[in-house]
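User: Please take a close look at one helix of this model and at the elements around it, with the cut-offs behind each term.

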Amino acid sequence: MGMIKDDTVRNATTYYWGERVFARPQSTLFAALLLWQLPDPCALPVFVLESSIWYLCDVANLPVCLFLIHRARIDYVWVSDRVPHVFTGEHRRTSTIDWCEENYAISNYIAEFWNTLTNVAMITLAVLGIYSSIRHRHGKRVTAMYVGLLLVGVGSACFHATLKYTTQLLDELPMLYLCALCFYSLVEIDVDIKFGKRLPILLGLFQTGITLIYVFWVQNPAFHQVAFGATAVGAIVFGTKRFSELNIGSETRRTLSRLHLMGHLGMWGGFLVWNVDNIFCHQLRTYRSYVGMPLDGLLQLHGWWHILTAYGSVYLLLWAHLLKLARLGHDTMFSIQYFMGIFPHVALNNPKKVD
């Protein structure tokens, strides 16, 4: 029995598979009304997948969808092999950007599989930084920087999994907020706050203005890239200024210089492969089709951009982190350690709250 599509139902596309009926709601409100009328959750495997993958990544729909999942009792829903894959295709994309990875090539429910998977590196590094900073009392501002990195990783994973405009914003906007947090931490690097509430208010207004302009008026990725670059340059300038002001030992200076170098190598290396992926996409797709799975994953250069910038970002955060500790005279109390040999983080020998 094949799948028959029927568009006669208002606000939903209905699919018939044998005696089963599947509906793809066009709006969350209609989805709520539809699900409320259907008592058997086992008849809704496709709707369950729609809710899990798409609506739950949409911040505006999140409260409604959590209610829908609770109402449908989908914790024991099974998905049969007979269920048709009706939620794939370009009609699902609402983002203003589509990257070089072939959409839905590996999974019918994840738009860009490799670009989604490679965000695990950034998420892991961010979680480790948060854990380390809290456990060793590195300070609230340090913890906030790692939280910003975590938001970038999670937002990027949601974006590449769905290619929706709402999740695109979850990917792009946290980059601005992360740079703003780093800028604030480097300006207010001492225990005593110099600018009081003025600086965070000004930064908040600036980021709010950029966000509103990008969301409602200039929906062009180039605008986001320029705003991100300007904020990042401000953080780098103040970081360099703080580094030049330090009166520290040679070992600490070498450590900071190495972290700074590795951070820039990661960021600029990622920027290089990002451009190669954009410029030579057609050739890369040809090579990937030739080598096949799973080796084609090695040629997903946007995924390598994620990995390189994850390490570049965390090394620069460690640089800012250690700058603050050295500024406070704690340069003999910390060290860089590697969890599982590949995930760097700061550990204080004698934990002491510094913020």
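Analyst: What follows describes one helix, its packing partners and the aromatic rings. The model is predicted, so local features need pLDDT of at least 70 and side-chain atom pairs count only at pLDDT 80 or more, while totals for chains, interfaces and linings use all residues. Residues are numbered from 1 along each chain as its sequence is written, and side-chain values use heavy atoms, with hydrogens and water left out.

Helix H10, residues 250–279, has 30 residues and reaches 43 Å from its first C-alpha to its last, close to the 44 Å expected (1.5 Å times one less than its number of residues); helices are DSSP runs of H or I with at least four residues, and strands are E runs of at least two, numbered from the N terminus. Among the buried residues of H10 (under 20% relative accessible area, with exposed over 50% and partly exposed in between, using a 1.4 Å probe and protein chains only) are Leu256, Gly263, Trp274 and Asp277. The buried residues of H10 pack against helices H9, H11 and H12 and against strand E4 (334–339), where contact means heavy atoms within 4.5 Å.

Strand E4 is joined to strand E5 (residues 343–348) by 6 bridges, and the two run antiparallel, pairing being defined by at least two DSSP bridges. Glutamine 337 has histidine 345 of E5 as its bridge partner, and in the hairpin, with 3 residues between the strands, methionine 340 takes a positive phi near 60 degrees.

Trp274 also belongs to a cluster in which ring pairs link Trp99, Trp268, Phe271, Trp274 and Trp305; rings of Phe, Tyr and Trp (its six-membered ring) pair if their centres lie within 6.5 Å, with planes under 30 degrees apart counted as stacked, over 60 as edge-to-face and the rest as tilted.
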